[in-house]
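Work through the following exercises with the sequence and the model open beside you. Try each task before you read its solution.

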Amino acid sequence: MQKYINLLGIFGYPVSHSLSPYMHNKICKELNLPYFYVPFEILPENLGFAVKSIRILGIKGINITIPYKEKVMQYLDKISKEAKLIGAVNTIINDSGKLIGYNTDGKGFIKAFEKNFKTTPSCKTFLILGAGGAAKAIITQLCLEGAKKIFIANRTLSNAKNIVLNIKKNIPYSEIYALDLNSNEINNIISEIDVLVNTTSIGMKKTDALLINNELLSNKTIVIDIIYNPRETLLLKEAKKKGAKTLNGIDMLVFQGALAFEIWTGVKPPIEVMRKTLIEHMFNTIEKR
Ligand code: NAP
């Protein structure tokens, strides 16, 4: 019978930027749960050993971050339906020595969307900027939740096309198209877009320019940027000026963490405490740098 130690954590390389330890340790304290959450910096050549150590040491749960979300899958015993479709795992639970992988990024996005806009993704048309790891998770979950139509616009068109092919193969009822971010294709579809989501890393630096012409923004579109630092990217500033409803990446980060915590402990954590902890930490440290 597997014995657990009350340890949770995150594997990444690098991992020092992660805000998850603050969030999870705060909720363990708040709920009086005996877990401790530790960031582990794992060198690429040690990933397989590190995953084995979850089982050997009896660690209860681990988050996975950049660059291991895809690579870690080969070391697990079972993978959830969503994580398989997305092709990436961000949460592992040690279930009596069996390591099961989940992906809570996509569901975290949906929960943030529903909480903030009091509506669901079904019957809505989305334009997703970017076709990286976060985009894959969000797009897959949007398709599973019955989004009406999805356009993916990416700098490297082939990456967007690959997501489309994967979705068409696995969730065939989805209506989904790939666009070239560097062409004018967005101009032709912008009038039918209900929700625009930036999933690229453009917007993190103060010097980053807008990826799309700001004339395309309007008060008819919800604009979401999944970047959480800075809290208001140029895209969100410009969208607000046009009267659009906007949302940054903090709530997605909170909800993906909350879902992971629930998988590990069976306890629904207090979302507002997690959110406040993140914002306080960001304000007191990162934003003052
Ligand atoms: P990723 O897999 O590396 O994907 C990066 C995406 O950005 C790709 O589509 C890439 O296009 C695009 N891109 C990069 N540089 C670009 C440029 N100069 N011009 C146009 N497009 C460019 O990264 P990720 O893991 O998806 O993360 C992306 C962002 O989401 C990061 O800012 C991350 O912090 C944020 N994020 C937030 C949450 C949350 O919970 N809020 C969760 C995950 C990620 P190509 O395909 O052409 O390279």
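**Exercise 1.** Find how far an oxygen atom of the ligand is from an N or O atom in the side chain of Thr156, and then describe the surroundings of the ligand.

*Solution.* Begin with the side chain of Thr156, where an N or O atom is 2.5 Å from an oxygen atom of the ligand; a polar contact is a pair of N or O atoms within 3.5 Å, and within protein one atom must be able to donate a hydrogen and the other to accept it, while residues adjacent in sequence count only if both atoms are side-chain atoms. Next, turn to the backbone: a polar backbone atom of Gly133 is 2.9 Å from an oxygen atom of the ligand, and a polar backbone atom of Ile226 is 2.9 Å from a nitrogen atom of the ligand. Then take the area, for the ligand exposes 930 Å² when taken alone, and the protein buries 76% of that (accessible areas by the Shrake-Rupley method with a 1.4 Å probe; for residues, only the protein chains shown count as cover). Finally, look at the whole shell: 22 residues surround the ligand, and the closest are Ala131, Ala134, Asn154, Thr156 and Asn159 (a residue is near a molecule if one of its heavy atoms lies within 4 Å of it). Helices α5 and α9 each supply at least two residues of this shell (helices, H or I of at least four residues, and strands, E of at least two, are DSSP runs numbered from the N terminus).

Before going on, keep in mind that this is a predicted model, in which local features need pLDDT of at least 70 and side-chain atom pairs count only at pLDDT 80 or more, whereas totals for chains, interfaces and linings use all residues. Residues are numbered from 1 along each chain as its sequence is written, and side-chain values use heavy atoms, with hydrogens and water left out.

**Exercise 2.** Which two residues touch the most other members of the largest nonpolar core?

*Solution.* A nonpolar core is a set of buried Ala, Val, Leu, Ile, Met, Phe, Trp, Tyr and Cys residues joined through side-chain atoms within 4.5 Å, where buried means under 20% relative accessible area, exposed over 50%, and partly exposed in between (1.4 Å probe, protein chains only). The largest such core has 31 residues, of which Ile139 and Ile150 touch the most other members. Among the elements that give two or more residues to this core are α4, β7 (125–129), α5 (133–144) and β8. If its neighbours within four places in sequence are left aside, Ile139 is in contact (heavy atoms within 4.5 Å) with Ile128, Ile150, Ile152, Ile163, Ile167 and Ile176. Apart from this core lies another, of 22 residues, among them Tyr37, Val254, Ala260 and Met274.

**Exercise 3.** What parts does the salt bridge between Lys107 and Glu82 tie together?

*Solution.* First check the distance: the side chains of Lys107 and Glu82 meet at 3.2 Å, N to O, and a salt bridge is a side-chain nitrogen of Lys or Arg within 4 Å of a carboxyl oxygen of Asp or Glu. Lys107 lies in helix α4 (residues 105–117) and Glu82 in helix α3 (residues 81–86), so the pair ties together parts that are 25 residues apart in sequence. Now consider accessibility, for Lys107 is partly exposed at 34%, whereas Glu82, at 16%, counts as buried. A search of the whole structure finds 13 salt bridges.
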